[in-house]
Amino acid sequence: MSLGSSKPPFNLPEGFRLIEVTDTSRQFQTGDSRIDSYTLNDYFRWSTFPHNYVILYEWEGDIAGVIHMIVYSDYIFIEIVARNRSSRATGVGTKLISLIEGIARQLGKSRILLHSLDTTVEWYKKLGFRIRAPPRRNTEFGILTPMEKILE
Ligand SMILES: CC(C)(COP(=O)(O)OP(=O)(O)OC[C@H]1O[C@@H](n2cnc3c(N)ncnc32)[C@H](O)[C@@H]1OP(=O)(O)O)[C@@H](O)C(=O)NCCC(=O)NCCS
């Protein structure tokens, strides 16, 4: 089983790194209660599953953002992207999505898929995602909209 900190099959730019067990005691809150029901402990646990990666963006000593992705044979699926509301970093979510696009290119994947919360569909559209299938209701997160971005 992966311990979540073994070398990934892609390079990470400066400022980004894989989550480590020591991160689980650090503070991270987005302000969205659906997302904040998960802690860095959960993110670390997910990072130990095969093909799952949790990447942190650090800024001024804080964890400014976190993204959890799963690498499938022909696409990358983004499970969660989240920004720490107490960080002073700007453009965090955008940086994390661009990071995944860079990773997809390194791995030769041309599609990024995700299920958006009702509150983030417009944000993902701004970043070049489009709606892929009708929204559906999820007991935990409310309405989720399948979206995708095809990389040029
Ligand atoms: C969604 C989220 C990751 C966005 O991160 P962020 O760092 O605030 O976003 P950015 O600063 O990169 O956004 C870029 C632009 O989109 C806008 N934007 C941010 N959130 C938005 C939203 N929910 N809807 C529409 N536009 C949004 C920003 O105002 C900014 O606009 P500008 O370029 O005109 O200044 C962050 O708000 C968050 O963590 N939300 C809670 C968790 C969540 O919902 N995650 C997504 C589903 S898993």
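**Ligand shell, core and overall fold**

The residues of the shell around the ligand, a residue being near a molecule if its C-beta atom, placed from the backbone, lies within 6 Å of it, divide into seven nonpolar, six polar and four charged, where Ala, Val, Leu, Ile, Met, Phe, Trp, Tyr, Cys and Pro count as nonpolar, Asp, Glu, Lys and Arg as charged, and the others, Gly among them, as polar. The model is predicted, with local features requiring pLDDT of at least 70 and side-chain atom pairs counted only at pLDDT 80 or more, while totals for chains, interfaces and linings use all residues. Residues are numbered from 1 along each chain as its sequence is written.

Of the 17 residues around the ligand, R83, V92, G93, T94 and W123 come nearest. Two or more residues of this shell are given by each of β4, α3 and α4 (121–126), and β4 supplies the largest share, four residues. Helices (H or I, at least four residues) and strands (E, at least two) are DSSP runs, numbered from the N terminus.

Taken as a whole, the protein has four helices and eight strands, and from the N terminus on its elements run β-α-α-β-β-β-α-β-α-β-β-β. Its radius of gyration, taken over C-alpha atoms, is 15 Å, close to the 15 Å that the globule rule (2.2 Å times the number of residues to the power 0.38) gives for 152 residues, so the protein is as compact as a globular protein of that length.

Turning to the interior, the largest nonpolar core, meaning a set of buried Ala, Val, Leu, Ile, Met, Phe, Trp, Tyr and Cys residues joined through C-beta atoms within 7 Å, has 30 residues, of which V54, V66, I67, I76, I78, L96 and I100 touch the most other members. At least two residues of this core come from each of α2 (40–47), β2 (52–59), β3 (62–71), β4 (76–83), α3 (92–107) and β5 (111–117), and α3 gives the most, with six. Residues up to four places away in sequence aside, I76 touches M69, V71, I100, I103, A104, K109 and I112, contact meaning C-beta atoms, placed from the backbone, within 7 Å.

E148 lies in strand β8 (residues 142–150), and E148 counts as partly exposed because it has 17 C-beta neighbours inside 10 Å, where 20 or more others would make a residue buried and 12 or fewer exposed, with C-beta atoms placed from the backbone. Although E148 and I76 are 72 residues apart in sequence, their C-alpha atoms are 9.8 Å apart in space.

Technical notes:
Two residues are in contact if their C-beta atoms, placed from the backbone, lie within 7 Å.
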